[in-house]
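The following paragraphs walk through one protein model, beginning with a single residue and its surroundings and widening from there. Please keep the sequence and the coordinates side by side while reading.

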Amino acid sequence: MENREEMIKGFYKLIENENYDELKEFCHKDFVFYPQIDTPFYGIEGLKASERKNFSSFPGFKMPVKEIILDNSDKAAVYLTFEGKHTGTPFNGINP
């Protein structure tokens, strides 16, 4: 992609669309996904496992990107929200 901001938005759009095969193009073989600061999920398979629980409890789960902060290196910070209608399926073992 042409710029980093569009690439970052594209990454989250692929997750929203559950298009995990294309995510492989974004991720190094040693990729680690941290949906929470202390909860690592390793590789694309870890990312899938992490996000599938969101989609099973919240169909149509969305992650609108609100702001992206870029520096002059390869680092970025992304502020986003999570949106979805809860189905009643327990989320992380917790009933709604």
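A convenient place to begin is Leu 23, which, leaving aside its neighbours within four places in sequence, is in contact with Phe 11, Leu 14, Ile 15, Ile 44 and Leu 47, contact meaning heavy atoms within 4.5 Å. The model is a predicted one, in which local features need pLDDT of at least 70 and side-chain atom pairs count only at pLDDT 80 or more, whereas totals for chains, interfaces and linings use all residues. Residues are numbered from 1 along each chain as its sequence is written, and side-chain values use heavy atoms, with hydrogens and water left out.

Leu 23 also belongs to the largest nonpolar core, which has 18 residues and in which Phe 11, Tyr 12, Ile 15, Leu 23, Phe 31, Leu 47 and Met 63 touch the most other members. A nonpolar core is here a set of buried Ala, Val, Leu, Ile, Met, Phe, Trp, Tyr and Cys residues joined through side-chain atoms within 4.5 Å, and buried means under 20% relative accessible area, with exposed over 50% and partly exposed in between (1.4 Å probe, protein chains only). At least two residues of this core come from each of α1 (4-16), α2 (20-23) and α3 (43-57), and the largest share, 5 residues, is supplied by α1. In soluble globular proteins, nonpolar side chains tend to be buried together.

The elements just named are DSSP runs, numbered from the N terminus, with helices (H or I) of at least four residues and strands (E) of at least two. The protein chain has 3 helices and 4 strands, and read along the sequence these follow the pattern α-α-β-β-α-β-β.

Within that order, α3 has 15 residues and reaches 22 Å from its first C-alpha to its last, close to the 21 Å expected at 1.5 Å a residue, where the expected span is 1.5 Å times one less than the number of residues. Its buried residues are Gly 43, Ile 44, Gly 46, Leu 47, Lys 48, Ser 50, Glu 51, Asn 54, Phe 55 and Ser 57, and these pack against α1, α2, β1 (32-36) and β2 (39-42).

The two strands in that list, β1 and β2, run antiparallel and are joined by 3 bridges, two strands being counted as paired if DSSP finds at least two bridges between them. They form a hairpin with 2 residues between them, and Val 32 has Tyr 42 in β2 as its bridge partner. Phe 33, found in strand β1, counts as buried because its relative accessibility is 11%. Leaving aside its neighbours within four places in sequence, Phe 33 is in contact with Thr 39, Pro 40, Phe 41, Leu 47, Ser 50 and Glu 51.

Further along the chain, strand β3 (residues 65-70) and strand β4 (residues 76-80) pair in the antiparallel sense over 5 bridges. This hairpin has 5 residues between its strands, and the bridge partner of Leu 70 in β4 is Ala 76.

The aromatic residues add another set of links. Rings of Phe, Tyr and Trp (its six-membered ring) pair if their centres lie within 6.5 Å, and the pair counts as stacked with planes under 30 degrees apart, edge-to-face over 60 and tilted for the rest; by this rule the count comes to 6 aromatic pairs. The rings of Phe 11 and Phe 26 have their centres 5.9 Å apart and their planes at 65°, so this pair is edge-to-face. Because Phe 11 lies in helix α1 and Phe 26 in the loop between α2 and β1, the pair ties together parts that are 15 residues apart in sequence. Phe 11 counts as buried at 12% relative accessibility, whereas Phe 26, at 29%, counts as partly exposed. The pair of Phe 58 and Phe 61, by contrast, is tilted, because the ring centres are 6.4 Å apart and the planes lie at 45°; both Phe 58 and Phe 61 are buried. Ring pairs link Phe 55, Phe 58, Phe 61 and Phe 82 into a cluster.

One backbone detail deserves a look in the loop between α1 and α2, where Glu 18 has its place. Phi of Glu 18 is near 55°, a positive value in a residue other than glycine, and Glu 18 counts as partly exposed at 38% relative accessibility.

For the chain as a whole, 28% of the 96 residues count as buried, and the C-alpha trace spans about 45 × 25 × 25 Å along its principal axes.
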